[in-house]
Each structure stands twice: as structure tokens, then as C-alpha cells.
Amino acid sequence: MKKILTILALSALTLSAQAKVRLPHIICDNMVLQQQTDARLWGWAQPGKTVKVTTSWSDQAATAKADKDGKWLVKIQTPKASYDPLSITFDDGEPLTINNVLAGEVWVCAGQSNMEMPVKGFWMCPVKDYNQTVIDAANHTGVRSVKIPSVMRSEPQDDAQCEWRICSPNTVSEFSATGYFFARTMHQALDIPIGLIEANKGGTRVESWLTKENLEKYTSDPTDSVEICKKWDKWDYHRSLLWGNGTFNPILNYTVKGILYYQGCSNVGDPGDQYSERMKLLVDQWRGQFGLGEIPFYFVQIAPYRYDDDDNAISGALLREQQFKAAQIIPNSSLVCINDLVYPYETTQIHPTQKQQVGERLAYTALNRDYGFEGVLYKSSTYKDMKIDGDAIYIHLDNNYHTDAPFEDIVGFEIAGEDKVFHPATARHFWQEGGGYWDEAMKISSPEVKNPVAVRYCFKNFQIGNVKNAANLPLFPFRTDNW
């Protein structure tokens, strides 16, 4: 009799659970909705049940019928961004309401450990000005974040254990540092709520986020979970497919403004143009999966680091070059240069301490490109062209906003002759009135190279230059050769 009663009780609980609409964890109290758009809301109910969705800001309701698997999805028109608390009710016969929802701007924080790194830092890896950041967090309660647990799964997941967090001195330490400094700057500029969806995992490769279909079509990586684990038995964070299935797939129904991405260290050493091509593949994939059109994709060039236990090797420089190429072939994208944001003693620190400027530079990009802040300068200088004259090479830069600084003591350049041996070079500003090409050029030379043919700037694993433009943004590392 006791067994029968237990079975009946369990059956009643099951029926009760099925009778109430279920939401993914990311749709909950304190969430931020993308403002003034058709935002998607979704969940589960009994198959065939009609779910009615009503909101505190509109008299209109949206309805959807759960399919044979119990899944449903609706779109609701969201209001203009504000700090007014909103509520949403989901009703399939038994109402469920979420509260303290805000309308604002929602950005995804994707990539590997330098995006995952929280404001409190990692072990042996602090974030600069931590205490002041915590104190200042009280001024940015309009910033909210949700961290998707970094998990591997053999199949794409549609939910993850997570909840939205309101920024405060007691919570900000857990936010992505790069993401938070982006959001803080956006909050200061726009004075509206900013939401961050943190879906990332330290150590992951670009292939970690590709789908099974893309891996099979464009790579030689295994897609069977057993084979994947065998290939990367030691470094699980390098595994392809599984991290995307478990950590990124749960957010794909969410309506977002754009994606911020900081990754690349684990792909150092990739051959040819493989990384840039796979970056484009990933962005195309994510845009297709979100189904929101060509949403902005802003990413960070990896910082100087002593790859191969050699400061002078160029494996890291080649990956940075691939990131630069990716920015040229990915529509509506922009690359942030951070070659200046390491200290000389951080040669073996894969997680540099200066995260504030990284987030700020991502924000400058978004503010200029997406929010009408034309006065905010966001581009780093890039190499434009060169001309050889005698024992010197003269170069011009693009995106310098009419300034190549510093005025003296320029460092970071090297020059080589036909022997392909590079030597440290002296760089100085050169101009000649009415001189055509020579107007406002930079002259690069070395007494060791009498007949130069090529010039490089910070094209090593770890080399810090000091050339900046009028926005105080660093010159992208470059080379004029293809050696």
C-alpha cells in the first residue's frame, strides 16, 4: 500500500510539473531584454498546450502552442530602454511571472580565458585596480550579467543552470572583467541598462565553438565525442564541438545586440590562413544561429606573450596577423589592438592585468559604430604603404587621425635587407614641404642595413612598441614581407 501511495504521489508531482510552463534559466528575474525589438521568449509546456505571454508595458499578448516535444516560442515587442522594473507573465493555465526585468542593450561575451577572467582575477593573475572597481560598482547597478556554466556536452543543449546578477560591490567581482569594463563604459555613455551574456571557456580553440556540420565540412577534427576526448585527452579545454554544445547553444534563442569575442591563444601555431577562415566560419555560423541578421562582431587581438619560450619567435605574431585578416573578411566586424596593454614583466603572463582598457576599447568601437558617437575615435593605426629610398624605408599609416606619436624615442621597428635578417631600427618623423610622398612620412633605418627591403613593427611573440594615434590607440603590429 505504501508503495502504491508513493507512486501516486510521484505521478501527481509529475503532472503538476507538466501543468506549469517551464522557462529556460536565462529567462528569469533581473534579466535584461534587448530594447525596441521583437525579443524572443521560449520554454516548455505540455504538448499541445497554448501558452499566453503578457507584459507589464503593453496591453497586447502573445500566444504559442507547445509542439509535440513541449517546446514553444513567442516574440514580444520590447519598450525603449529605461530603469523602470518590468514584469512578464507566462500562462498555460497556471501563471508564472518574472519580475525586475529591464529593457536595455544586450551583448554576448564569448571566447576563452581572457574573456572569462573575472574582475577578481584568476589565481596568480590579478586585475589592475580591483578595489577601486569594486567601490565604483555601486554607480553601475544598471549593468547586469548572466554567466553560462562552462560545460561540455555531446549534443546541443537548450538550457543551462544560470541566473542574472545585478552589478553591485558585492557581485561585480564575478563578472567578466573585459565584459564589465565594456558595460561600464557603455552605461556611462548611454545611461541605460546594459546586459552581458557570458558564454565562454578558458583555453578553447575557435573549433571548440563550431557545429558538427561545420567541423565535418571544413575541418579534419573528429565529431564523435569519444574520438574528440581521445584526441585532446590531456587538455580538455581544446576539445572541438563539445564546448559549443554545452556552453553556447543555450543562448541562441536570446535576442542580443552583438557579440564581443576575445580568443586566439590556443590557436597559435595554426598553418596558413586557417585561423582567419575559421573565424569567419564561426561568425557566419553564430549569426545564422541567432537569426538576427549581420549583428556586430567586435573582437580582441591577442596580447604579447612568450609563446614557444622565445620572445623573438613569431608564432604569436602570425596569429595576430590572422586576426587582422579576419577583420578584413568578416562583415560588420572590428578588431581591437591591445599590443600596448602588457607590462614588460608579463612575458609569461597569458592573462595580462590591464583589462579595463580592453573593455573600454570594445565600448569605443560599439559607441561609434552602433550608437552614433561619431566623436569617439576607435580605430588603431594600420600600415598603409612604404617607399625605399637609399638606406631607409619611409612608411605611411592609415587611421592615425592625423597624428603619429610619440614625437621622439619611437620604439618597436625592425628593418632587413635581402639577407632577411632583421635589426632594431631607428624611426623618426620626416616631412618635406611640397615633397609629395614625403609629406608626414616615418623614416625607418638602421646602420646595420645599408640596402633595406622590408620593415616590421612589433612582429614578435613579445614586443611592445609605443606608436599611437590621436585617440591614444596603438599601431597594429605588421610586416611588409611574407617571409
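Isoleucine 27 is buried in this predicted model, with a relative accessible area of just 3%. The residue sits in the loop between helix H1 (2-19) and strand S1 (32-34). Setting aside neighbours within four places in sequence, isoleucine 27 is in contact with Leu41, Trp42, Phe90 and Ile98. Methionine 186 lies 159 residues away along the chain from isoleucine 27, and the C-alpha atoms of the two are separated by 23 Å.

How far can the model be trusted? The average pLDDT for the chain is 94, and 95% of the residues score at least 70. The start of the chain is another story: over residues 1-18, pLDDT stays under 50. For that stretch the model has 2 contacts beyond four places in sequence. Where pLDDT is low, the predicted coordinates shouldn't be read in detail.

Next come the strands. Strands in a sheet pair through backbone hydrogen bonds, and the pairing can be parallel or antiparallel. Strand S3 (residues 50-55) pairs with strand S6 (residues 82-91) in the antiparallel sense, over 4 bridges. Within this pair, threonine 55 stands opposite isoleucine 88 in S6. S6 is also joined to strand S7 (residues 95-111), by 6 bridges, and these two run antiparallel as well. Here leucine 86 has valine 101, in S7, as its bridge partner. S6 and S7 make up a hairpin, with 3 residues between them. Glycine 93, in the turn, has a positive phi of about 120°.

Further along the chain, there is an open sheet of 4 strands, in the order S17-S16-S20-S21, with antiparallel pairing. Which strands are at the edges? Strand S17 (422-424) and S21 are, each pairing on one side only. S17 and strand S16 (residues 413-416) are paired in the antiparallel sense over 3 bridges. One of the matched pairs here is alanine 416 with phenylalanine 422, the latter in S17.

Now for the charged side chains. Side chains of opposite charge can pair when their charged atoms come close. How many salt bridges does a search of the whole structure find? The count is 21. One of them joins aspartate 340 to lysine 468, with the closest N and O atoms 3.0 Å apart. This pair links distant parts of the chain, as the partners are 128 residues apart. Aspartate 340 belongs to the loop between strand S13 (333-336) and helix H10 (356-370), while lysine 468 is in the loop between strand S20 (454-457) and strand S21 (478-479). Aspartate 340 is buried, at a relative accessible area of 13%, whereas lysine 468 is partly exposed, at 21%.

Aspartate 311 and arginine 306 form another salt bridge, in which the closest N and O atoms are 3.4 Å apart. Aspartate 311 counts as partly exposed, with 25% relative accessibility. Arginine 306 is partly exposed too, with a relative accessible area of 33%. And what about aspartate 481 and arginine 479, whose side chains meet in a salt bridge at 3.9 Å, N to O: are they buried or exposed? Aspartate 481 is buried because its relative accessibility is 9%, under the 20% cut-off. Arginine 479 falls under that cut-off too, at 17%, so it also counts as buried. Elsewhere, salt bridges that share partners join Arg205, Glu207, Asp221, Lys231 and Arg278 into one network.

Aspartate 340 turns up again around arginine 361, a residue in helix H10. Arginine 361 is buried, with a relative accessible area of 8%. Which residues does arginine 361 touch, not counting those up to four places away in sequence? They are Val336, Cys337, Ile338, Asp340, Leu341, Asn472, Leu473 and Pro474.

Finally, there is some empty space inside the model. The count comes to 2 cavities of 30 Å³ or more. The largest cavity holds about 40 Å³ of space. Which residues line the largest cavity? The lining is made up of Asn114, Cys265, Ile302, Ala303, Pro304, Tyr305, Tyr307, Gln349, Ile350 and Pro352.

Conventions. Residues numbered from 1 in each chain as written. Predicted model: local features only at pLDDT ≥ 70, side-chain atom pairs only at ≥ 80, totals over all residues. Heavy atoms only, no water. Salt bridge = Lys/Arg side-chain N within 4 Å of Asp/Glu carboxyl O. Buried < 20%, exposed > 50% of the residue type's maximum accessible area, 1.4 Å probe, protein only. Contact = heavy atoms within 4.5 Å. Pairing = 2+ DSSP bridges. pLDDT = per-residue confidence, 0-100. 1 Å grid on protein atoms, 1.4 Å probe; cavity = no way out; pocket = protein on both sides within 12 Å on 5 of 7 lines; lining within 4 Å. Points joined across faces, edges and corners; volume = space filled by probe spheres on them.
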